[in-house]
Structure formats: C-alpha cells, structure tokens
Amino acid sequence: MLAKTFSCPFCRKVREMVAVLDLDVLFYPCPQKGPTFRPKVLEMGGKKQFPYMVDPNTGVAMYESDDIIKYLADTYGDGTIPIMLSLGLFTTITAGLATIWRIWKGSSYTVSKLPPQPIEIWAYEGSPFCKIAREALVELELPHLLHSCARGSPKRQEIFKKLGLFQVPYIEDPNTGVKMFESSEIVEYLKATYSLYPQ
Ligand SMILES: N[C@@H](CCC(=O)N[C@@H](CS)C(=O)NCC(=O)O)C(=O)O
C-alpha cells in the first residue's frame, strides 16, 4: 500500500520505481483536504508526510521516497536503482519538472463517495493519457489497484489476450462491473459515479 498525492515530486519518484519493477500496487490517494487517507497516514505512521508505504507482504512501513525506492529495489528487484532515480536532489527536481505542466491537477480533493472495493487500473507512469485518468482517481480520493504495464511488461500481452487490444489507461470497476478504455471517458465515468457534485 502506498499513500500519495499526485503532483508531489517525491511520490512521482516512487511511482517511477513501481513502473520500473512492474509492480501491482494498491494506492490510497491523499489529495489536499482529502478527509479519509491523510488522517490515516498520521494515525499509522505518526506524521502527515507523503509518500508513506506499507508492504502487506513483509509488514514493513516507511516514509521517505529514497528509502522506499531502495526498499522496493532490494525486495522486488535485484537491488539496482536506475541512475535517474538515484541522484538525490537532482532526481527530485526532475520528478518535479515532470509534473509541473499539470501541477494544479491531481492534488486537490473533490467531495466523493468512497467505493467498497478499489478500482483496478492498468497504466504506466509517463503516459499522458494514464496521468489524466489517475489524476481523477486521486482528486476523488478513490483507492485504486494499479497494474503497472510500462513498455516490456508481460501484463501488456495479458491485456491483449483478454481484450483483443492493448491500450492504457484501462479500468475495471468491481463495484459496478464497468470495464473501459479512453482516458476522457474514464474521467467522466469516475466523476459521474463517485463525485457527490458531478458537473
Ligand atoms: N524527504 C521526504 C519529503 C516528502 C515531502 O515533503 N512530501 C510532502 C508532499 S510533496 C508532504 O508530505 N507534505 C505534507 C502535506 O502534503 O501535508 C521524501 O523524500 O519522501
């Protein structure tokens, strides 16, 4: 489990490592003024600081993006951290620049209903279309299970076999049975289904 905001450069660094390791991760979004998971992070870890990671496989929990990246590399990889994620302040600056064009998106809370089950999304860091869909998930504070499928991921072939094409973002919502492609339609669907004040 990883708690995060979207435009935060520290959270972005961790999401990039998740993509590199091709991990499936359950995200609990913590947008500004989000009422649910921000207080939870404080309760669990003692600080309101993001990202915060809990690994249900090992029971390990931690703050600090660089520590999380190292932990993930050691636990789920061969310990290698890509050079661009191991440059300290420079990594943070470049991660910040990567989010700057849409810095106002994915960080503020929109009043929403909490679904009983997390929404599943197939996506990868670096795709602008995936980013649009994930910003909506974060703004609506919707827990989501991310199936990473960056270039080279075997999950791409799984999606292709199951659906006859590979395209991301793709979501499956176990709460409603809805399965869909197309970032703009996903955003509309999420707002219509979970926002308390859909426009
Ligand atoms: N050194 C920490 C810095 C994390 C940090 O400063 N996160 C900011 C978000 S970008 C934060 O938690 N701010 C408090 C808040 O949003 O309430 C790390 O690398 O994880």
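**Cis prolines, a ligand shell and strand S2**

Proline 169 sits in the loop that links helix H6 (155–163) to strand S7 (170–173). In this predicted model, the peptide bond leading into that proline from valine 168 is cis, with omega near 5°. Another cis bond, also with omega near 5°, joins phenylalanine 50 to proline 51. Here the loop is the one between helix H2 (37–45) and strand S3 (52–54).

Phe50 and Pro51 also turn up around the ligand, along with Cys8, Phe10, Gln32, Arg38, Lys48, Gln49, Glu64 and Ser65. Sorted by class, that shell comes out as four nonpolar, three polar and three charged residues. As for polar contacts, the side chain of arginine 38 puts an N or O atom 2.9 Å from a ligand oxygen, and glutamate 64 has a side-chain N or O atom 2.7 Å from a ligand nitrogen. Serine 65 brings a polar side-chain atom to 2.6 Å from an oxygen of the ligand. On its own the ligand would expose 510 Å², and the protein buries 69% of that.

Glutamate 64 has a further quirk: its phi is near 75°, positive although the residue is not glycine. This glutamate lies in the loop between strand S4 (61–62) and helix H3 (65–76), and its 41% relative accessibility makes it partly exposed. Glutamate 141 has a positive phi too, near 55°, in the loop between helix H5 (128–139) and S6. At 2% relative accessibility, though, glutamate 141 is buried.

S6 (residues 144–148) runs antiparallel to strand S2, and four bridges join the two. Leucine 26 faces leucine 145 across this pairing. Within S2 (residues 24–29), Val25, Phe27 and Pro29 make up the covered face, while Asp24, Leu26 and Tyr28 form the uncovered one.

Terms used:
Residues numbered from 1 in each chain as written. Predicted model: local features only at pLDDT ≥ 70, side-chain atom pairs only at ≥ 80, totals over all residues. Heavy atoms only, no water. Buried < 20%, exposed > 50% of the residue type's maximum accessible area, 1.4 Å probe, protein only. Pairing = 2+ DSSP bridges. Near = heavy atom within 4 Å. Polar contact = N/O pair within 3.5 Å; in protein donor to acceptor, adjacent residues only side chain to side chain. Areas by Shrake-Rupley, 256 points an atom, 1.4 Å probe, with all protein chains shown as cover. Nonpolar A, V, L, I, M, F, W, Y, C, P; charged D, E, K, R; others polar.
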